[in-house]
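Me: Hi! I have just started looking at protein models, and the vocabulary puzzles me. Could you help me see where the words come from?

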Amino acid sequence: MYSQRNLSKLTIDDFARLFGTTADDIDEYCKGLVDTMDFSFEQLSDIERDKLILNILKRIDLADLPVSGEERKPEWEKGWADNLRDFINSGYDLSKLVPKYFKKNIPVRLNREYVMPVDPDFVLNCTRVFRNWIFRKYLKDVDSIYEFGCGPATHLAFLAGIYPGKKLYGLDWAKPSQEIIRLLAKHFGWQIEGRHFDFFAPDVNLHLDENSAVYTFGALEQIGGNHKAFLQFLLKESFKLCINVECISEFYNQDYLPDYLAFKYHKRRNYLDGYLTRLQELEAEGKIIILAMHHQQFGNIYDDSHSYVVWKLRKIPATS
Ligand SMILES: C[S@@+](CC[C@H](N)C(=O)[O-])C[C@H]1O[C@@H](n2cnc3c(N)ncnc32)[C@H](O)[C@@H]1O
């Protein structure tokens with residue numbers, strides 16, 4: 001089917017632009033990974049694009065569209081319990097931990113366009129390339145790494161593979177997440193520990209290891225404008241670096257239709273609100289230093305989910 005149509009393919013330069021960097025900042029491992037996957041895609045026809053946009057608008061208007069917040073906790077518990085069950089039943093197959101919200105065979109957002117990938121796992125594979133790049137770039141020099149809102153711990157499992165000497169921590173409010181991590185430690189012998197954590201009410205007894213880094217990956221998305229408690233918690237700690245890979249609504253330029261739709265959708269779902277603005281205020285107050293931030297123009301149909309901001313506390317002497 002696709003051989004008849006006009007296919008394009010993401011190159012290393014395209015990935016570099018998506019990540020907000022240059023090709024020489026993408027290491028050989030990452031480049032090799034890109035070569036093992038099919039990143040080809042085709043443009044949508046005008047009719048297909050219209051239909052897609054109509055469906056997005058209808059979804060934004062859905063009266064019962066789920067919104068993020070406290071009430072969604074049971075859904076996360078159930079989602080990760082399903083992954084946990086599949087993981088156990090498969091004899092600890094790590095692929096069974098991939099969240100089921102990675103949908104296959106649907107259009108994706110790419111550089112302010114909607115395109116149709118050839119490989120059903122295009123979004124997942126782009127995510128794999130991106131995490132390789134960002135985690136290898138920023139996490140190599142720390143001893144401990146904390147993922148807040150880690151869910152089924154797929155990113156931590158990846159980190160255990162590339163950084164076997166580092167201590168890994170996965171925190172989430174959903175209990176099955178901790179059980180998955182317990183099994184990962186037991187079955188694979190990794191230095192990984194799970195712990196209950198609620199962004200809305202951070203654990204006052206939790207203190208981060210020295211020479212550690214913190215990250216979130218599509219988790220703050222779920223807390224709307226309720227990021228004050230988490231930031232207060234972090235500001236009291238002494239980590240080296242924080243990476244937030246999130247849909248960051250401040251980046252959308254609403255003069256572009258795909259950005260406008262994403263912004264509307266983002267607001268409608270009550271996704272992360274005002275977080276980057278708050279970090280910029282904290283920087284202006286001399287409390288943190290923002291090292292990098294970037295609107296990654298890529299994601300599922302509805303929003304650009306892989307934008308990022310990397311920052312550190314000003315009280316820690318600069319190391320990078
Ligand atoms: C979209 S998933 C991302 C999971 C994981 N970071 C990943 O990329 O596979 C969002 C995660 O945030 C967690 N979460 C949502 N609200 C939370 C809260 N208030 N406290 C802690 N975790 C929360 C959910 O349980 C879920 O694991």
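Me: What volume does the second largest cavity have?

Reply: The second largest cavity comes to about 30 Å³. Keep in mind that this is a predicted model.

Me: What makes a residue part of the lining of the second largest cavity?

Reply: The test is an atom within 4 Å of a cavity point. Phe-102, Lys-103, Lys-104, Pro-120, Asp-121, Val-123 and Leu-124 are the residues that line this cavity.

Me: How do you know how many of these lining residues are nonpolar, polar or charged?

Reply: Phe, Pro, Val and Leu count as nonpolar, while Lys and Asp count as charged. The lining therefore divides into four nonpolar, no polar and three charged residues.

Me: How many cavities of 30 Å³ or more are there, then?

Reply: The structure has two of them. The largest cavity holds about 40 Å³ of space. Its lining includes Lys-103, Asn-105, Ile-106, Pro-117 and Phe-122.

Me: What makes up the lining of the largest cavity, by class?

Reply: It has six nonpolar, one polar and four charged residues. Asn-105 is in that lining, and Asn belongs with the polar residues because it is on neither the nonpolar nor the charged list.

Me: Let's turn to helices. Why are H4 and H7 called roughly parallel?

Reply: Helix H4 (residues 73–89) and helix H7 (residues 175–188) pack at an angle of about 25°, and their axes are 8 Å apart. Angles under 35 degrees count as roughly parallel, so H4 is roughly parallel to H7. Their crossing is left-handed.

Me: Which residues bring H4 and H7 into contact?

Reply: Among them are Trp-80, Leu-84 and Phe-87 of H4, together with Ile-180, Leu-183 and Phe-188 of H7. By class, this contact has ten nonpolar, no polar and three charged residues.

Me: What makes H3 and H9 roughly parallel?

Reply: Helix H3 (residues 46–61) and helix H9 (residues 257–268) also meet at about 25°, with axes 10 Å apart. Set that angle against the cut-off of under 35 degrees, and H3 and H9 are therefore roughly parallel to each other. H3 passes H9 in a left-handed crossing. The contact involves residues including Arg-49, Ile-53 and Leu-57 of H3, and Leu-261, Lys-264 and Tyr-265 of H9. It has eight nonpolar, no polar and four charged residues.

Me: And why are H2 and H5 described as roughly antiparallel?

Reply: The axes of helix H2 (residues 28–35) and helix H5 (residues 122–138) come within 10 Å and cross at roughly 180°. Angles over 145 degrees count as roughly antiparallel, so H2 and H5 are roughly antiparallel to each other. Tyr-29, Cys-30, Leu-33 and Val-34 of H2 touch Arg-128, Val-129, Asn-132, Trp-133 and Arg-136 of H5. That gives the H2 and H5 contact six nonpolar, one polar and two charged residues.

Note on methods. Residues numbered from 1 in each chain as written. Predicted model: local features only at pLDDT ≥ 70, side-chain atom pairs only at ≥ 80, totals over all residues. Heavy atoms only, no water. 1 Å grid on protein atoms, 1.4 Å probe; cavity = no way out; pocket = protein on both sides within 12 Å on 5 of 7 lines; lining within 4 Å. Points joined across faces, edges and corners; volume = space filled by probe spheres on them. Axes fitted to C-alpha atoms, helices over the stretch in contact; angles between N-to-C directions. Helix = DSSP H or I, 4+ residues; strand = E, 2+ residues; numbered from the N terminus. Parallel < 35°, antiparallel > 145°, perpendicular 65-115°, else oblique. Left-handed = near helix turned anticlockwise from the far one by under 90°. Contact = heavy atoms within 4.5 Å.
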